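Thanks for coming. I'll take a few minutes on one model, starting with the ligand site and ending with a residue elsewhere in the chain.

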Amino acid sequence: MNKIAIYPGSFDPVTYGHLDIIQRAVSLFDYLLVAVVENPTKKPLFCAKERVEMLRDVTSDLKGVEISCFNGLLVDYAKERGVSVIIRGLRAVSDFEHEFQMALMNKRLYPEIDTIFMMARETHLYLSSSIVKEIASLSGRVEDLVPEVVAKRLYQRFNR
Ligand code: ADP
C-alpha cells in the first residue's frame, strides 16, 4: 500500500524552510500532497494561484510530490483525498502550542488521522514567510531565504 501524506500551509510564499520539510517528507512517504490553504485567516500577499505556481516551480525536480489547493477544513480535504497523515514543521517552542491544538482538534474531527511533526533544520529555525515578506518590503536581500523564482516575485511585488 502506498504511504501518502499531506503537508498543508499558507506557503505565502514558499521558503527554504518549507522546501526542506518537503524534501525530507518525500523520502519518508511514497507520495506527498502539498496543500495550499486557499483563504488563510492571515491576509496573503500572493493569491492561491501564485502560491501554487511558486511551489510547483521549486518542486518540479521532485518525484512523488503534488501541489494542490483547498478550501475549508483540512480533515475534509484529507478524507476526500484518502490521506491519513498530516505533516507539519516545528520551529521554536512558539509553534508548539498552536500546532498541538490543531493536531488534537484534527484527531477529534477525524480519528483516523495522525499528525507527524518534523523539526526544522537548525539553519531554518527562525525562517518564516512573514519575516521574508518583511525583509523584501524593506528592500532587503532574500536570496538566502527563498528560491530565486520566489525572490524575483517578491521583488516584483514590492516594485524593485
Ligand atoms: P500555516 O499558516 O499553516 O502555519 P505556513 O506556510 O506558515 O502555514 O507553514 C506551513 C508549515 O510549515 C507549518 O507546519 C510550519 O510550522 C512549517 N514551517 C514554516 N516555516 C518553516 C521552517 N523554516 N522550517 C520548518 N518548518 C516550517
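Before the ligand shell, one convention: Ala, Val, Leu, Ile, Met, Phe, Trp, Tyr, Cys and Pro count as nonpolar, Asp, Glu, Lys and Arg as charged, and the others, Gly among them, as polar. Keep in mind that this is a predicted model.

With that convention, the shell around the ligand divides into six nonpolar, six polar and five charged residues. In total, 17 residues surround the ligand. Tyr7, Ser10, Phe11, Lys42 and Gly89 are the closest.

Now the polar side chains. Lysine 42 places a polar side-chain atom 2.5 Å from an oxygen atom of the ligand. For tyrosine 7, an N or O atom in the side chain is 2.7 Å from a ligand oxygen atom. Arginine 91 has a polar side-chain atom 3.3 Å from a nitrogen atom of the ligand.

How much of the ligand's accessible area does the protein cover? On its own the ligand has 550 Å², and the protein covers 91% of that.

As for location, the ligand sits in the largest pocket. Two or more shell residues come from each of strand 1 (4–9), helix 1 (16–28), strand 4 (85–90) and helix 4 (94–109).

Last, glutamate 148, which lies in helix 6, residues 148–157. Is glutamate 148 buried or exposed? Its relative accessible area is 55%, and the cut-off for exposed is over 50%, so glutamate 148 is exposed. Its C-alpha atom is separated by 35 Å from that of asparagine 106, and the two residues are 42 residues apart along the chain.

That's what I have.

Key: Residues are numbered from 1 along each chain as its sequence is written. This is a predicted model: local features need pLDDT of at least 70, side-chain atom pairs count only at pLDDT 80 or more; totals for chains, interfaces and linings use all residues. Side-chain values use heavy atoms; hydrogens and water are left out. A residue is near a molecule or strand if one of its heavy atoms lies within 4 Å of it. A polar contact is a pair of N or O atoms within 3.5 Å; within protein, one must be able to donate a hydrogen and the other to accept it, and residues adjacent in sequence count only if both atoms are side-chain atoms. Accessible areas come from the Shrake-Rupley method with a 1.4 Å probe; for residues, only the protein chains shown count as cover. On a 1 Å grid over the protein atoms alone, a cavity is a set of points where a 1.4 Å probe fits but cannot get out, and a pocket is an open set with protein on both sides within 12 Å along at least five of seven lines; lining residues have an atom within 4 Å of a point. A molecule sits in a cavity or pocket if more than half of its atoms lie within 2 Å of its grid points. Helices (H or I, at least four residues) and strands (E, at least two) are DSSP runs, numbered from the N terminus. Buried means under 20% relative accessible area, exposed over 50%, partly exposed in between (1.4 Å probe, protein chains only).
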